[in-house]
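Student: Could you take one part of this structure and go through it slowly with me, explaining each term as it comes up?

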Amino acid sequence: MNSVFGYIGSHFMRFLQESGRITMLFGQTIVFIFRPPFDVREPLSQMEEIGVRSIPVVVITAAFTGMVLALQSFTGFRRFNAETLVGTVVALSVTRELGPVLTGLMVSGRVGSAMAAELGTMRVTEQIDALHTLATNPVKYLIVPRFLASLIMFPILVVFADIIGIMGGYFVSVKILGTNPTIYIRRTWDYLELNDIYSGLLKACVFGMIMATISCYQGFYTEGGAEGVGRATTRAVVLSSLLILISNYFITALLF
Amino acid sequence: MVGDTSVKIEVVDLHKSFGGKHVLTGVNLEVRNGESMVVIGGSGVGKSVLIKCIIGLLRPDSGGIRVDGQEITSLNEKSLNEIRKKFGMLFQAGALFDSLPVWENVGFGLKQHTSLRDEEIKAIAIEKLRLVGLSHVEALMPSELSGGMRKRVSLARAIAMEPEILLYDEPTTGLDPIMADVINELIVQMRKKLRVTSIAITHDMVSAYKIADRIAMLYEGKIIEIGTPQQNRESSNAIVQQFIQGRAEGPIKVR
């Protein structure tokens, strides 16, 4: 009996310790963003890596999500003759929910793993120690550019996802299912509010910060050689994805 | 003895443990200005921990470390970074930044802490590379270098900011005997040309005798003996004798 409590207790303590360290790293990152010197080159190259190179993944994800959404809601709505509302459903679902969440998950898989692997390798090959010995703060030099780039690029990718997702829905509805294009577009615009898009973009910002913080944390505190780097990479993706899904619910519940 | 006899680095009763494992159990060490100190000891006795405490990569549990008389164990990160500018460190595997070409690696400190332009930094980097016997490598990436070259580039990076103190973490480990001697030769030259104080940790006795003014033996978390290479060879301590002769049998417990 004692060992059961011991087990739960030690895991709970570990959970608290990790949460504390992640929060500290997040706090340090925020502080160092505003502390000179300000470097432009590194954030820009990270923006290219996180943003530009993620576009194909985001576009394909969004397109097929919009398309399947149109197909599914059409099947449902036809049962009570509301096919014309497909455009509304697609637009609202994509902008409020699926655009930010699926983009967040896909980009976390792509970029979060790379961040954790890169920083983890730097840790186990003593490159992070080398930064310290060169009197350079590794949070400022390594984490701030990744954090900023994620914070900026996630919303931009979500805008892409929104547009492509809505276009995918339009394509399936109009070209395959034969909906009247004018009605489809009107139904999309009539019910879509700017607030729907803003809320999606706000989510994207939060997801970007989550992904960057968790992935950099996992990489930064990697232990145990190549095996440790592998573990850090897996944890970065799993934990980022879980936190994105959990925080998504709470943001939605709090704001709307 | 080169230089004066004032103390450059002073380590006093240093303790450090990791999760219940007591690695350093009261290290006392004085390194004089301009001196080349070599700390020898088996794998896992805490040589790396000691050197990482001295440059502030690890915080000791108790005890003091003074550099030029200034206590560094209680400093915050910002003040510590000022102290670190006095240091250069050569890491065991080089620890070069994979994403930067050789010259940017060498000039990293200059880029971060001076307002020099890139061309000037590159010129200094090429000069420092020449000092460690390398030419025409400045544009290569670290992945294109051999083990010996990586160490020399790392040494060039360590001396780029003209430090007063150089720390060498197992400078000859993983190199063939000839390349090891090239590195030893460089370490001796660095001391002559740049008049730096240095601490090297190693278990390579050939290297230790070649580069040391004094040798300190670290065993079970303490410095058990310290003296000139000559005194070290003639030591009456059975532990020291077993280590320098490299015998499996003796008072040192092999785990």
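Tutor: What follows is a close look at one strand of chain B, and then at what lies around it and elsewhere in the model.

This is a predicted model, in which local features need pLDDT of at least 70 and side-chain atom pairs count only at pLDDT 80 or more, while totals for chains, interfaces and linings use all residues. Residues are numbered from 1 along each chain as its sequence is written, and chains are lettered from A and ligands numbered from 1 in the order in which they are written.

The part to look at is strand S3 of chain B, residues 36-40. Helices (H or I, at least four residues) and strands (E, at least two) are DSSP runs, numbered from the N terminus. A residue is called buried if 20 or more other C-beta atoms lie within 10 Å of its own, exposed if 12 or fewer, and partly exposed in between, with C-beta atoms placed from the backbone. In S3(B), 5 of the 5 residues are buried, so the strand is largely enclosed by the rest of the structure. Both of its faces are covered, with B:Ser36, B:Val38 and B:Ile40 on one side and B:Met37 and B:Val39 on the other.

Next come the strands that pair with it, where pairing requires that DSSP finds at least two bridges between two strands. S3(B) is joined by 5 bridges to strand S8 of chain B, residues 197-202, and the two run parallel; here B:Val38 stands opposite B:Ala200. S3(B) also pairs in the parallel sense with strand S9 of chain B, residues 214-219, over 4 bridges, and in S9(B) the bridge partner of B:Ile40 is B:Met217.

The strand also leads us to a nonpolar core, meaning a set of buried Ala, Val, Leu, Ile, Met, Phe, Trp, Tyr and Cys residues joined through C-beta atoms within 7 Å. The largest such core has 132 residues, and B:Val38, B:Val39, B:Leu50, B:Ile54 and B:Leu167 touch the most other members. Helix H6 of chain A, residues 138-176, gives the most to this core, with 16 residues. In soluble globular proteins, nonpolar side chains tend to be buried together. Not counting residues up to four places away in sequence, B:Leu50 touches B:Leu24, B:Val27, B:Val39 and B:Leu218, where a contact means that the C-beta atoms, placed from the backbone, lie within 7 Å.

Two residues in loops of chain B make a useful contrast. B:Glu162, in the loop between helix H6 (147-159) and strand S7 (165-169) of chain B, has a phi near 50 degrees, a positive value in a residue other than glycine. Because B:Glu162 has 13 C-beta neighbours inside 10 Å, it counts as partly exposed. B:Glu170, found in the loop between S7 and helix H7 (177-194) of chain B, likewise has a positive phi, of about 45 degrees, although it is not a glycine. With 22 C-beta neighbours inside 10 Å, however, B:Glu170 counts as buried.

Finally, consider the partner chain: 16 residues of chain B are in contact with 11 residues of chain A. On the side of chain B that touches chain A, H4(B) gives the most, with 4 residues. The secondary structure of chain A comes to 9 helices and 0 strands, and 45% of its 256 residues count as buried.

Note on methods. Contact = placed C-beta atoms within 7 Å.
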